[in-house]
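Have the model open in your viewer and take a walk through it with this report. The stops run from single residues out to the whole chain.

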Amino acid sequence: MAASTTRRRARFHDLTISQVRTLTEDAIEVSFTVPEELADDYSYAPGQYIALRATLEGEDVRRSYSICQAPVTGQLKVGIKRDLGGLFSTWAIENLKPGMQLSVMMPEGAFVSQSSETGAHSVAIAAGSGITPVIALIESALSADPRNRFSLVYSNRTAMETMFVDELADLKDRYPTRLALYHVLTRETRSSELLSGRLDEQKINEILQQLISPTDVNEWFICGPFDLVQMVRDTLAEHGVAADDIRFELFTTGRPEGLGGQSGRPVVVEAGQDVHTITFRLDGTSAIVMTPVHSNESILNAALRVRPDVPFACAGGVCGTCRATVVSGTVNMVENYALEPDELERGYVLTCQSIPTSEFVEINYDS
Ligand SMILES: Cc1cc2nc3c(=O)[nH]c(=O)nc-3n(C[C@H](O)[C@H](O)[C@H](O)COP(=O)(O)OP(=O)(O)OC[C@H]3O[C@@H](n4cnc5c(N)ncnc54)[C@H](O)[C@@H]3O)c2cc1C
Ligand code: FES
C-alpha cells in the first residue's frame, strides 16, 4: 500500500458540503462533493489532509483536517473535533450545513504508508482526533491485500468522546482476524487495567511487551498531541524500532507563542529602517517585499503583504504547505515538523517558520 508523497502546489477551490454528521457531542464529520473536473486535483493517499479556509472575525483563517476515509472518487470526508476556545473548530461545528460552500485546499501530507510489502503488519497509536488519518490508513491497508494486518491503540478520555467508534467496530466485523483494536480510556476504567488510564511511557512499554511485539511490525503510525508523539517515538526507539519505519503526524506543536501566531500580523516598514529584502517567485511571477530587521517577521507573513495567495495552512511548522526553496541568501528556520531530510537537503524551508538572516533573500515557491 505504498503511496506517493510527491508534493504538488496545493490550491484552494470552493467545494459544496454534501453532509454534516454528528460523531460525538464535540465532533462532526463533514463530507464534500468533488466535481468531476477537479477529481485529479483532489485525489489523495490515505493519511493525507486538506485545509479549510473561512473568513472569521475579519481574519483569513485556515486549518488542516485529515481525510478520514480510504480514497473514494468524487468525495472527501473530514472529522472535526472542537478544540475548547478554538476559533475554526467551534465555528465549523456550530455553522457548517449541507449545501454550503467552503474553500478547500487540495490534499497534502506525508503521513502515508511507504511500505510496499504484502502481508504487512502496520500499527497505529492515536489519541483523540488523531484517529482521522488512521481510519483511512486502516481501511486502505486491510482492503489492499488479504494478508495485511493492522493493530490500533486508540486513546480517549471516555467512550462517549471517542470519534469513529462505530466505524472502527464495523471494520473489526469486516476484518475480525486482521484488525486488532485496543481502546485505552484515560477517565474511565475498562475491564483490563492495561487499557485504562493515561497512555504514558510505562503503558506503551507494557503494550509493547504484552500486546504488540515490535519485531512483528513493518510500519508504525503515530498521531496525537506533541508530547504523546515524542514519547512514543522515543519508546519505540528504545525497543529497537528504526526511525525509517515510523511515520507521525502532529496536529499542533502546542506552542501558541511560536512564529505561527504571527500569520496576518500587521508589520509596517518605515523609511530609514534596516530591512531584509525578500524576492519570491510564485506561479511564474516574481514579487519583492521588505521586512524590518528588528521585526523578526517570517517570510510567509511578509510575502502575504504583497501576495495574499501565498500558500499556507497551519502557520505552525507542522503541515508543510508553505514550503519553498531558498535560491540565494540565508534564513533561520525556527521550527520544522514537516519537511523530510531529503527536502532539507534540496534547500526547502518552511516559510512560516523562517526569518531572513541576510540582506537579500530569494525564495521560490514554484520549485
Ligand atoms: C496536518 C494536520 C491535520 C489535522 N487534522 C485534524 C483532524 O483531522 N481533526 C481535527 O479535529 N483537527 C485536526 N487538526 C487540527 C486543526 O487543524 C486545528 O488546529 C484545530 O481544529 C484547532 O483549530 P481552532 O481554530 O479551532 O483552534 P485555534 O483557534 O487555532 O486554537 C487552538 C487552541 O489554542 C488555544 N488558543 C488560541 N489562542 C490562544 C492564545 N493566544 N494563547 C493560548 N492559547 C490559545 C485555543 O483555546 C485552542 O485550545 C490537524 C492539524 C494539522 C496540522
Ligand atoms: S503553513 Fe504549515 S508548515 Fe508552514
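## Ile-131 and its neighbours

Helix α2 spans residues 131-144, and Ile-131 is found in it. In this predicted model, is Ile-131 buried or exposed? With 29 other C-beta atoms within 10 Å, Ile-131 is buried, since the cut-off for that class is 20 or more.

Leaving aside residues up to four places away in sequence, Ile-131 touches Ala-126, Tyr-154, Met-163 and Phe-164. For a sense of distance, try Gly-74: it lies 57 residues from Ile-131 in sequence, and their C-alpha atoms are 23 Å apart in space.

## Glu-167, a partly exposed residue

Glu-167 is found in helix α3, which covers residues 165-174. Around Glu-167 there are 18 other C-beta atoms within 10 Å, so this residue is partly exposed; the class lies between the limits of 12 or fewer for exposed and 20 or more for buried.

If you would like a distance to check on screen, take Glu-167 and Glu-94. These two are 73 residues apart along the chain, and 23 Å separate their C-alpha atoms.

## The two faces of α4

Helix α4, residues 201-210, has Lys-203, Ile-204, Ile-207 and Leu-208 as buried residues. Why can these be said to line one face of the helix? Looking down the axis of α4, you find its buried residues within an arc of 135°, so they line one face.

The face turned away from that buried side carries Gln-202, Glu-206, Gln-209 and Gln-210, which are exposed. As for the buried residues of α4, what covers them includes strand β8 (149-156) and helix α5 (226-238).

## The surroundings of ligand 1

How many residues surround ligand 1? There are 27, and those that come nearest are Gly-85, Gly-86, Phe-88, Ser-89 and Thr-132. Sorted by class, this shell has 12 nonpolar, 11 polar and 4 charged residues.

Among the elements of the chain, β4 (59-66), β5 and α1 (87-95) each supply at least two residues of the shell around ligand 1.

## Three domains and one contact

The protein is divided into domain 1 (12-105), domain 2 (121-250) and domain 3 (259-364). Taken over C-alpha atoms, the centres of domain 1 and domain 2 are separated by 24 Å. Their contact draws 15 residues from domain 1 and 14 residues from domain 2.

On the side of domain 1 that touches domain 2, at least two residues come from each of β1 (12-24) and β5 (75-81). The largest share there belongs to β5, with 3 residues. This side of domain 1 comprises 8 nonpolar, 5 polar and 2 charged residues.

## The protein as a whole

Stepping back, you can count 7 helices and 18 strands in the protein. Its C-alpha atoms fill a box of roughly 70 × 50 × 35 Å along the principal axes. A compact globule with 367 residues would have a radius of gyration near 21 Å, and the protein agrees with this, having 21 Å.

Of the 367 residues, 42% count as buried. Contacts across the sequence are worth a look too: among those in the protein with a separation of 6 or more, 70% are accounted for by residues 24 or more positions apart.

Technical notes
Residues are numbered from 1 along each chain as its sequence is written. Chains are lettered from A and ligands numbered from 1 in the order in which they are written. This is a predicted model: local features need pLDDT of at least 70, side-chain atom pairs count only at pLDDT 80 or more; totals for chains, interfaces and linings use all residues. Domain bounds come from an automatic or database domain assignment. Two residues are in contact if their C-beta atoms, placed from the backbone, lie within 7 Å. Helices (H or I, at least four residues) and strands (E, at least two) are DSSP runs, numbered from the N terminus. Ala, Val, Leu, Ile, Met, Phe, Trp, Tyr, Cys and Pro count as nonpolar, Asp, Glu, Lys and Arg as charged, and the others, Gly among them, as polar. A residue is near a molecule or strand if its C-beta atom, placed from the backbone, lies within 6 Å of it. The arc is that of the directions from the helix axis to the C-beta atoms. The radius of gyration is taken over C-alpha atoms; the globule rule is 2.2 Å times the number of residues to the power 0.38.
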